[in-house]
Amino acid sequence: SVELLRDIPQKENNVDIDEQEENQARIRKTLNDYGIEISKIKATVGPTVTLYEIIPAEGVRIAKIKRLEDDIALSLAALGIRIIAPMPGKGTIGIEVPNKDPQTVSIGSILSSKRFLEGKETLPMAMGATISNEVFVADLCKMPHLLVAGATGMGKSVGLNAIIASLLYKCHPAELKF
């Protein structure tokens, strides 16, 4: 049962409005310093990362914004940011900034979620939470090959343990053998 897993208490208020407004102002200022006007900026707060969606003014080249990744990271005093330009299915540019106080996403909360329990995947892999705080589950059956790669300390072992735990919690021993 899920009660076997260690319970990690969730923080009540993980949204720091001051940090959001400060980061939005810094992004605006950095882009303005390089002559890039933006018409709108919106923040989506996740457990560990905040996504800032910006809509550039007319005539602004996306490549110009992508080249400023290091300058934006410096102005935000962030360890590293990621620019998604353009965002798939949207007419915006995304800037992912790590939260100063990241929240832990426990495997117990993922395995006991409605999305995991009622999912139709044959071999479900509960991978964690998305930026919009939704449970992310993938089906291992739809992946004939799976490569897990990354630098030291990036969470490869944690990811593999999450895959194994989610398979053990969903499948009966008669359905799954290791």
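## Close-up views of a predicted model

**View 1. Glu-175 is exposed, with a relative accessible area of 59%.** This is a predicted model, and the first stop is the segment after α6, where Glu-175 has its place. Exposed here means over 50% relative accessible area, so the 59% of Glu-175 puts this residue in that class. If you pick out Gln-24 as well, you will find its C-alpha atom 50 Å from that of Glu-175, with the two positions 151 residues apart along the chain.

**View 2. Phe-178 helps to make a nonpolar surface patch.** Phe-178 is also found in the segment after α6 (156-170). Its partners in the patch are Leu-4, Ile-164, Leu-168 and Tyr-169, and the patch comes to about 570 Å². Phe-178 has a relative accessible area of 71% and therefore counts as exposed.

**View 3. Gly-155 sits in the loop between β6 (135-139) and α6.** Is this glycine buried, exposed or partly exposed? Its relative accessibility is 36%, so Gly-155 counts as partly exposed. For a sense of distance, look for Asp-18: the two C-alpha atoms are separated by 30 Å, and the residues are 137 apart along the chain.

**View 4. The largest pocket holds about 660 Å³ of space.** Nineteen residues line this pocket, and those closest to its centre are Thr-48, Val-105, Met-127, Gly-128 and Ala-129. Two or more lining residues come from each of α4 (107-111), β5 (124-129) and α6. Which element gives the most? That is α6, with five residues. Sorted by class, the lining has 13 nonpolar and six polar residues, and no charged ones.

**View 5. Glu-22 and Arg-26 form a salt bridge within helix α1 (residues 17-33).** The closest N and O atoms of the pair are 3.3 Å apart. Why are the two separated by about one helical turn? Because they are four residues apart in the helix. Glu-22 is partly exposed at 37% relative accessible area, and Arg-26 is partly exposed at 30%. Lys-100 joins Glu-22 and Arg-26 in a network of salt bridges.

**View 6. Arg-82 and Glu-96 meet in a salt bridge.** The N to O distance is 2.9 Å. This pair links distant parts of the chain, with Arg-82 in strand β3 (residues 82-84) and Glu-96 in strand β4 (residues 93-98), 14 residues apart. What is the exposure class of each partner? Arg-82, at 46% relative accessibility, is partly exposed, whereas Glu-96, at 14%, is buried. The cut-off for buried is under 20% relative accessible area, so Glu-96 falls below it.

**View 7. Glu-121 and Arg-115 meet in another salt bridge.** Here, too, the side chains come to 2.9 Å, N to O. Glu-121 is buried, with a relative accessible area of 17%, while Arg-115 is partly exposed at 36%. The structure holds seven salt bridges, including this one.

**View 8. Stepping back, the protein chain has six helices and six strands.** Read from the N terminus, the elements run α-β-β-α-α-β-β-α-α-β-β-α. Along the principal axes, the C-alpha atoms fill a box of roughly 65 × 35 × 30 Å. Of the 178 residues in the chain, 33% are buried.

Technical notes: Residues numbered from 1 in each chain as written. Predicted model: local features only at pLDDT ≥ 70, side-chain atom pairs only at ≥ 80, totals over all residues. Heavy atoms only, no water. Patch = residues over 30% accessible without salt bridge, like charges linked within 9 Å, V, L, I, M, F, W, Y side chains within 5 Å. Areas by Shrake-Rupley, 256 points an atom, 1.4 Å probe, with all protein chains shown as cover. Salt bridge = Lys/Arg side-chain N within 4 Å of Asp/Glu carboxyl O. Buried < 20%, exposed > 50% of the residue type's maximum accessible area, 1.4 Å probe, protein only. 1 Å grid on protein atoms, 1.4 Å probe; cavity = no way out; pocket = protein on both sides within 12 Å on 5 of 7 lines; lining within 4 Å. Points joined across faces, edges and corners; volume = space filled by probe spheres on them. Nonpolar A, V, L, I, M, F, W, Y, C, P; charged D, E, K, R; others polar.
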